[in-house]
There are 2 protein chains.
Amino acid sequence: MAKEKPSIPKGTRDFLPIEISRRNYIFNIIENAYQLYGFKPIETPAMEHLSTLMGKYGEEGDRLIFKILNSGDYLSSVPDDLLQSKKSAKIAPKICEKALRYDLTVPFARYVVQHQHNLSFPFRRYQIQPVWRADRPQRGRYREFFQCDGDIIGSNSMINELELVNIIDDVFNKLGINVTVKINNRKILAGIVDKIGHSDKFTEFTTIIDKLEKIGVDKVNEELGQKGIEPEAVNALQPILHMDAVYTEKIEYLRTLLKESEVGMEGVNEIVEVFDMLDEVQPSCEVELDITLARGLNYYTGTIIEVKAKDLNIGSICGGGRYDDLASIFGMEDMSGVGISFGADRIYDVMKEKDLFPEKIETFTQLLIVNFGQKEQKYCLSIAKEMRKQGILCEIYPDQAKIKKQMQYADKNNIPFVLIVGEKEMSTGDLTLKSMKTGEQVTVSKSDIAGYISNNS
Amino acid sequence: MAKEKPSIPKGTRDFLPIEISRRNYIFNIIENAYQLYGFKPIETPAMEHLSTLMGKYGEEGDRLIFKILNSGDYLSSVPDDLLQSKKSAKIAPKICEKALRYDLTVPFARYVVQHQHNLSFPFRRYQIQPVWRADRPQRGRYREFFQCDGDIIGSNSMINELELVNIIDDVFNKLGINVTVKINNRKILAGIVDKIGHSDKFTEFTTIIDKLEKIGVDKVNEELGQKGIEPEAVNALQPILHMDAVYTEKIEYLRTLLKESEVGMEGVNEIVEVFDMLDEVQPSCEVELDITLARGLNYYTGTIIEVKAKDLNIGSICGGGRYDDLASIFGMEDMSGVGISFGADRIYDVMKEKDLFPEKIETFTQLLIVNFGQKEQKYCLSIAKEMRKQGILCEIYPDQAKIKKQMQYADKNNIPFVLIVGEKEMSTGDLTLKSMKTGEQVTVSKSDIAGYISNNS
């Protein structure tokens with residue numbers, strides 16, 4: 001077979017053992033927090049029907065969904081004239097019935113409807129799985145990345161929003177990351193477009209102001225104009241886009257601005273309810289109302305949440321919101337849900353940049369048994385068996401290599417102890433145990449090894 | 001949006017919380033065993049370049065690889081005449097550069113070559129991730145399933161084979177599954193085809209006898225004939241296909257049969273080396289030499305291993321073997337590896353069928369705080385916060401629903417304790433804690449709740 005220079009698709013990653021240990025450290029903290037709040041684990045398949053995913057993430061999202069080619073003679077069902085037109089976008093759904101999941105929220109809504117008779121509501125689930133997006137790869141943005149979602153579905157209560165903020169607070173506290181939690185409510189945004197007479201342009205409006213931080217206020221104004229919002233209306237938005245006020249002032253401003261908008265006032269009241277409860281529990285992280293927060297995903301209908309690491313410009317590391325209508329797409333009414341998603345990969349990057357991982361995070365082998373040859377190897381088999389029985393992580397060096405090479409292997413792999421069993425040791429039963437850290441050698445009997453390692457680790 | 005009846009692609013599965021807990025129970029036992037033997041965790045992306053996977057699993061395997069459609073205008077680079085030919089198989093590699101991994105062994109070989117400078121050899125890794133195959137779904141066979149692989153690469157020593165059998169023994173012991181480990185060596189099979197004068201038909205021979213158990217000896221003979229192996233040669237194979245002898249007799253037979261075949265004798269010697277060591281460690285499971293074991297995957301070159309659950313006809317639940325040339329495909333010579341793969345999904349099915357899962361396997365919420373209304377809810381927020389601080393898994397019922405409904409929720413979710421805080425309780429600070437199991441109610445103060453729950457769980 002021809003030699004191939006090995007590589008992986010761009011935007012994807014291999015993980016070395018140390019990286020897995022670090023990622024698991026993050027996953028464990030998130031998982032434990034979810035469990036403390038009564039969330040239960042579920043998983044869904046990597047592939048969903050293409051029709052389950054299409055149309056749920058906006059036009060841009062549809063383009064970024066990875067489609068899976070049908071098996072067998074996939075072209076046979078494509079009409080000749082369509083095929084000859086070479087219209088890639090139109091032909092895709094004819095040759096691809098399946099696609100890789102784009103997030104964990106839409107699959108969760110599908111799951112809830114499909115398994116409703118096996119679940120009891122309000123249902124709290126967490127789900128830690130990779131998702132795939134055909135996005136242009138760049139720093140902190142991958143084509144395969146892990147989401148760690150928690151959702152409560154089947155309850156309208158704002159206490160769910162509070163609980164999610166509490167979880168966010170717990171997780172970042174344990175990880176040691178200093179964060180700001182930004183909260184807004186899409187109903188407030190709906191009230192605002194209402195107020196400027198553009199209820200018809202809600203999606204365009206939210207898509208544009210979602211980019212405020214990235215592109216700045218001038219560009220936002222320009223884009224709003226391009227979407228047909230006239231200068232007076234854009235003008236009326238300026239106090240909102242420039243608002244620099246404390247929470248109570250913002251609420252006061254919104255109560256005046258939106259007093260005639262039913263949906264707008266509903267949003268304000270929901271926000272106030274959440275902040276009142278936050279006042280009660282006093283989270284340790286900063287939580288602020290950000291009226292310009294919009295979130296890109298169209299399925300959000302109420303509260304929206306976004307978390308940023310302080311003093312690091314890396315985008316959001318957690319986000320979420322409430323979705324009233326997602327389950328209804330799959331045929332189940334009155335199933336409002338609210339959820340958050342931790343971006344494990346960006347959190348990883350923050351932890352690495354700020355040197356926040358604990359030092360001892362890998363599970364290292366504790367004992368390497370040196371291999372002197374056929375006879376010694378045979379003698380050591382039962383030692384290794386006994387070690388493992390006693391819970392000592394142990395390897396026998398597999399080859400009869402030079403002792404120096406075997407020691408280097410122990411060194412490179414951070415193995416703290418090496419057991420040396422040569423002809424002399426076999427005859428007397430006095431084995432030599434060497435500490436790789438101190439260089440010290442002690443004489444031990446078979447039955448003392450495990451105890452010595454445990455006492456000196 | 002139109003209502004869609006929710007479903008998932010055939011051969012894939014959703015997992016309920018109890019199923020996740022059970023699967024994690026299996027994963028943890030496998031992971032701990034690997035760690036005890038010095039294996040380190042790695043992960044690779046779900047997608048590999050199509051060219052990395054194609055040609056590694058035989059013709060049938062190539063067909064079963066899920067291909068991912070290129071993004072954007074994927075048809076533009078397909079020549080018109082090729083497109084009009086509608087040759088699906090020929091067009092696929094032009095419109096798909098990526099594919100879902102089919103197993104964890106080929107990605108591992110690719111990984112080792114790509115990251116060789118960050119690894120120290122012999123390198124032991126474990127990897128627990130899903131793989132995808134476009135196989136016809138049936139009982140115990142899914143299109144998405146988990147493999148739990150362990151491999152040692154960079155060592156020819158037969159002690160690695162022994163260690164893998166030890167791991168298999170440890171894992172199935174802990175899981176409580178009674179298994180038989182079958183071992184053979186592809187070099188013995190090479191010696192046999194050599195002996196009957198058909199070295200040229202090695203792949204066909206192994207593919208056919210791999211099916212022996214499934215299709216029976218008559219059908220095997222018939223298929224061998226169809227592949228051009230003449231009746232005398234098929235005849236010469238009969239003692240092997242019908243062999244019913246103890247280990248020593250089999251070895252004796254092979255030593256006579258293969259004495260003129262260099263490769264054959266190499267295989268016999270390797271097998272003897274492994275069984276000699278097994279004699280030393282005395283695994284608790286049954287290990288047998290099965291000369292008709294062939295394994296379907298072409299990359300195996302030496303020892304092959306297959307594990308079956310006793311008294312259950314469900315196919316193999318673990319398997320593996322040695323591959324001398326896999327890394328060389330990606331440009332790295334002299335990197336022999338040997339590995340095994342636990343089939344977590346079939347193991348799950350066996351555990352379920354034999355009722356082997358421990359009863360208390362789910363992480364349940366320990367305390368539900370009943371929600372009587374706005375004021376009470378506010379009062380309970382700090383209680384919930386304190387509970388979680390003390391490690392009690394706790395939920396506040398999010399809605400002010402009827403008390404009966406809230407109790408039913410606790411019941412359905414197996415929540416053992418319910419805290420009742422009404423107006424009276426708020427005024428006195430004497431809270432009511434109810435055990436859902438016994439129905440007993442006790443009066444506790446805020447600070448006593450966690451202690452009471454821990455003492456009575």
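# Briefing on a predicted two-chain model

A:Asn166 is buried, with a relative accessible area of 10%, which falls below the 20% limit for that class. The model is predicted. Chain B superposes on chain A by a rotation of 180°, and the domain assignment splits chain A into domain 1 and domain 2. The points below cover three asparagines of chain A, the relation of the chains, the sheet of chain B, the domains of chain A and the nonpolar cores.

**Three asparagines of chain A**

- A:Asn166 sits in helix H7 of chain A, which covers residues 159–175.
- Beyond its neighbours within four places in sequence, A:Asn166 contacts A:Tyr37 and A:Val281.
- A:Asn185 belongs to strand E7 of chain A, residues 179–185.
- With a relative accessibility of 0%, A:Asn185 is classed as buried.
- Residues up to four places away in sequence aside, A:Asn185 touches A:Gly267, A:Glu270, A:Ile271, A:Thr301, A:Gly302, A:Thr303 and A:Ile304.
- A:Asn298 lies in a loop of chain A, between strand E8 (286–289) and strand E9 (303–309).
- A:Asn298 counts as partly exposed because its relative accessibility is 35%, and that class lies between the 20% and 50% limits.
- The contacts of A:Asn298, not counting residues up to four places away in sequence, are A:Gly58, A:Arg186 and A:Thr203.

**Relation of the two chains**

- Superposing chain B on chain A takes a rotation of 180° with 0.0 Å of shift along the axis, and leaves an RMSD of 0.1 Å.
- This is the relation of a two-fold axis.
- Within chain B, B:Ile68 has the C-alpha nearest the axis, at 2.2 Å from it.
- Both copies use the same surface, since 100% of the contact residues of chain B recur in chain A.

**The sheet of chain B**

- In chain B, eight strands make up an open sheet with mixed pairing, in the order E1-E5-E6-E11-E10-E9-E7-E8.
- Strand E1 (40–41) and strand E8 (286–289) of chain B are the edge strands, each pairing on one side only.
- Strand E7 (residues 179–185) and strand E9 (residues 303–309) of chain B run antiparallel and are joined by seven bridges.
- Within that pairing, B:Lys182 has B:Glu306 in E9(B) as its bridge partner.
- Helix H1 (residues 17–36) of chain B packs on the sheet and touches strand E5 (123–132), strand E6 (144–153) and strand E11 (337–343) of chain B.
- The direction of helix H1 of chain B makes about 5° with that of E6(B).

**Domains of chain A**

- Domain 1 of chain A is assigned residues 17–45 + 101–353, and domain 2 is assigned 363–455.
- The centres of these two domains of chain A, taken over C-alpha atoms, are 53 Å apart.
- Between A:Asn298 and A:Gln390, which are 92 residues apart along the chain, the C-alpha separation is 55 Å.

**Nonpolar cores**

- Nonpolar side chains tend to be buried together in soluble globular proteins.
- The largest nonpolar core has 133 residues, and the members that touch the most others are A:Ile167, A:Phe172, A:Ile177, A:Ile317, A:Phe342, B:Leu367 and B:Ile449.
- Leaving aside neighbours within four places in sequence, the contacts of B:Leu367 include B:Met387, B:Ile392, B:Ile415, B:Phe417, B:Leu433, B:Ile449 and B:Ile453.
- Another core, of 104 residues, lies apart from the largest one and has A:Leu393, B:Leu212, B:Val234 and B:Leu241 among its members.

Note on methods. Residues are numbered from 1 along each chain as its sequence is written. Chains are lettered from A and ligands numbered from 1 in the order in which they are written. This is a predicted model: local features need pLDDT of at least 70, side-chain atom pairs count only at pLDDT 80 or more; totals for chains, interfaces and linings use all residues. Side-chain values use heavy atoms; hydrogens and water are left out. Copies are superposed by least squares on the C-alpha atoms of residues with pLDDT of at least 70 in both. Contact means heavy atoms within 4.5 Å. Two strands pair if DSSP finds at least two bridges between them. Helices (H or I, at least four residues) and strands (E, at least two) are DSSP runs, numbered from the N terminus. Axes are lines fitted to C-alpha atoms, for helices over the stretch in contact, and angles run from 0 to 180 degrees between N-to-C directions. Domain bounds come from an automatic or database domain assignment. Buried means under 20% relative accessible area, exposed over 50%, partly exposed in between (1.4 Å probe, protein chains only). A nonpolar core is a set of buried Ala, Val, Leu, Ile, Met, Phe, Trp, Tyr and Cys residues joined through side-chain atoms within 4.5 Å.
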